[in-house]
Amino acid sequence: MKVALVTGITGQDGAYLAELLLSKGYEVHGLKRRSSLFNTDRIDHLYQDPHETNVRFKLHYGDLNDSTNLIRIIQEVQPDEIYNLGAMSHVKVSFDTPEYTANADGIGTLRLLEAIRILGLEKKTRIYQASTSELYGLVQQVPQSETTPFYPRSPYAVAKMYAYWITVNYREAYGMFACNGILFNHESPLRGETFVTRKITRGVARIALGLQNKVFLGNIDAKRDWGHAQDYVEAMWRILQQDEPEDFVIATGVTTTVRDFVKMAFAEVGIEVDFTGEGVNEKGHVVSCANPDAKVQPGDVVLEIDPRYFRPTEVELLIGDPTKAKTKLGWVPKHDLASLVKDMMTADVELFRRDAYLLKGGHKVYNYHE
Ligand code: NDP
Ligand code: GDR
């Protein structure tokens, strides 16, 4: 039985990857941070009581900022594969917490690589590094491929750039099977609530259920190459099954503005939305509404721009070229943007239907959404 260790197992990708690895017969170990509230919502369905026999899913308290902890866990687990998905992954928040981000996202990767080396596991343990299209930052060329130069535009991207190169360096210096997956944005119903797609699908679902009137966003001109997280974790696994360690771009090759994502999300719940005005004065308003639950009518403003969501430096355009992944990994995504939006909208309408019932029954509901 193969043994995998996943950092960031409580996150979006960690949850889908753990599911995939378990389905392939792996024993899966995950690094979980201590928190004052339960933080395992996304993996609760995989939980196995440690008192039972033949447990194939095990969590360990840990943190990428703690070398001794990482060394001990890797020594105990003796993993065949490590997937380093743990990170402070929010680009905007990285401007608020740049030092923490550098430590966890940059040096955290070094700590894992060194742990493998210190334990003499260079020839046994393969490692996947969660690299990102944010490395491309300020547009140098499109579409972006494995050979496009990097120009990071946030403390997050700069930290991830260190992680990218230290992974390449340990591969070249010590012959380790260490690979970067340069993944473009990927989303799902499990996406963190403050990333733009989930913020939109949550807001639109609440508007459709009459729980909210409006959403506030930042730069809706930004263009992203959005895929489905379920497809992207499959690529991560394939990257570590190759004969030789290499880096791969994982993307759909299609780019869309945030504005168009908003329109698609509203269309899923029978509301047609269009935009007028410019810059911070641009507004999204209802053109037609075929949804009896939504308390909106033609002309109502359902989206406004709030500059607080602007970033000091922005990444305006991402579009990836997945040719290498398709050719060498045989990677074929099952979702396109339309099915991604549908999947996310269906899940969020279902989620907030519960709030609507609670409200109807006289209970209080809260919606923290910063
Ligand atoms: P999430 O934000 O959903 O999950 C991040 C995970 O990292 C969580 O489990 C989080 O724990 C954990 N984590 C945060 N800080 C630390 C730390 N100091 N030590 C250990 N674990 C930590 O991210 P995604 O699942 O979306 O992304 C997975 C990885 O892929 C990240 O590294 C991200 O930067 C990268 N990436 C993501 C892309 C995307 O579009 N989703 C695209 C390209 C790269 P907790 O739950 O306790 O907060
Ligand atoms: P990104 O994702 O920064 O690309 O990083 P995010 O969804 O946060 O932003 C995408 C684009 O939307 C614009 N935007 C807003 N973003 C947020 N979060 N909230 C808003 O209100 C809003 N309004 C407009 C942003 O300015 C941006 O242009 C994600 C993360 O998962 C990273 O960890 C990963 O490395 C990259 O994708 C690839």
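## A tutorial on a predicted model

Student: Is Lys328 buried, exposed or partly exposed?

Tutor: In this predicted model, 14 C-beta neighbours lie inside 10 Å of Lys328. A residue counts as buried at 20 or more such neighbours and as exposed at 12 or fewer. The count for Lys328 falls between these limits, so Lys328 is partly exposed.

Student: In which helix is Lys328 found, and how many ångströms separate Lys328 from Arg238 in space?

Tutor: Lys328 belongs to residues 323–329, which form helix α9. Along the sequence, Lys328 and Arg238 are 90 residues apart. In space, the distance from C-alpha to C-alpha is 9.6 Å.

Student: How many residues of helix α7 are buried?

Tutor: Helix α7 covers residues 229–239, eleven residues in total, and is mostly covered. Those that are buried include Tyr232, Val233, Met236 and Trp237. The number of buried residues in α7 is nine.

Student: Which helix supplies the largest share of the largest nonpolar core?

Tutor: The largest nonpolar core has 65 residues, and among those with the most contacts inside it are Val6, Leu17, Tyr83 and Met236. Nine residues of this core come from one helix, residues 155–174, and that is the largest share. The helix is α5.

Student: How many residues has the other core that lies apart from it?

Tutor: This other core has Phe266, Cys289, Leu303 and Val341 among its residues. In soluble globular proteins, nonpolar side chains tend to be buried together. The size of this other core is 32 residues.

Student: Which residues does Leu17 touch, leaving aside those up to four places away in sequence?

Tutor: Leu17 is one of the residues with the most contacts inside the largest nonpolar core. Two of the residues that Leu17 touches, Val233 and Met236, are among the buried residues of α7. The full set touched by Leu17 is Val6, Tyr83, Leu85, Val233 and Met236.

Student: Which element gives the most residues to the shell around ligand 1?

Tutor: Around ligand 1 there are 26 residues, with Gly8, Gly11, Gly86, Ala87 and Ala130 coming nearest. Both α1 (12–23) and β5 (126–132) supply at least two residues of this shell. With three residues, the element that gives the most is α1.

Student: How many residues of the shell around ligand 1 are nonpolar, polar and charged?

Tutor: The shell is sorted into three classes, with Gly counted as polar. Gly8, Gly11 and Gly86, which are among the nearest residues, therefore belong to the polar class. The division is eight nonpolar, 15 polar and three charged.

Student: Why does ligand 2 lie between two domains, and which are they?

Tutor: The nearest of the 23 residues around ligand 2 are Val91, Thr132, Val196, Gly218 and Ala222. Helices α3 (91–96) and α6 (196–208) each supply at least two residues of its shell. Ligand 2 lies between two domains because both give residues to this shell: domain 1 (3–183) and domain 2 (196–222 + 257–312 + 336–360).

Student: Which residue does a cis peptide bond join to Pro143?

Tutor: Pro143 lies in the loop between β5 and α5. The omega angle of the cis peptide bond is about -10°. The residue joined to Pro143 by this bond is Val142.

Student: Is Asn54 buried or exposed?

Tutor: Asn54 sits in the loop between β2 (27–32) and β3 (57–61), and its phi is positive, about 55°, although Asn54 is not a glycine. Inside 10 Å, Asn54 has 6 C-beta neighbours. Since 12 or fewer is the limit for this class, Asn54 is exposed.

Terms used. Residues are numbered from 1 along each chain as its sequence is written. Chains are lettered from A and ligands numbered from 1 in the order in which they are written. This is a predicted model: local features need pLDDT of at least 70, side-chain atom pairs count only at pLDDT 80 or more; totals for chains, interfaces and linings use all residues. Helices (H or I, at least four residues) and strands (E, at least two) are DSSP runs, numbered from the N terminus. A residue is near a molecule or strand if its C-beta atom, placed from the backbone, lies within 6 Å of it. A nonpolar core is a set of buried Ala, Val, Leu, Ile, Met, Phe, Trp, Tyr and Cys residues joined through C-beta atoms within 7 Å. Two residues are in contact if their C-beta atoms, placed from the backbone, lie within 7 Å. Domain bounds come from an automatic or database domain assignment.
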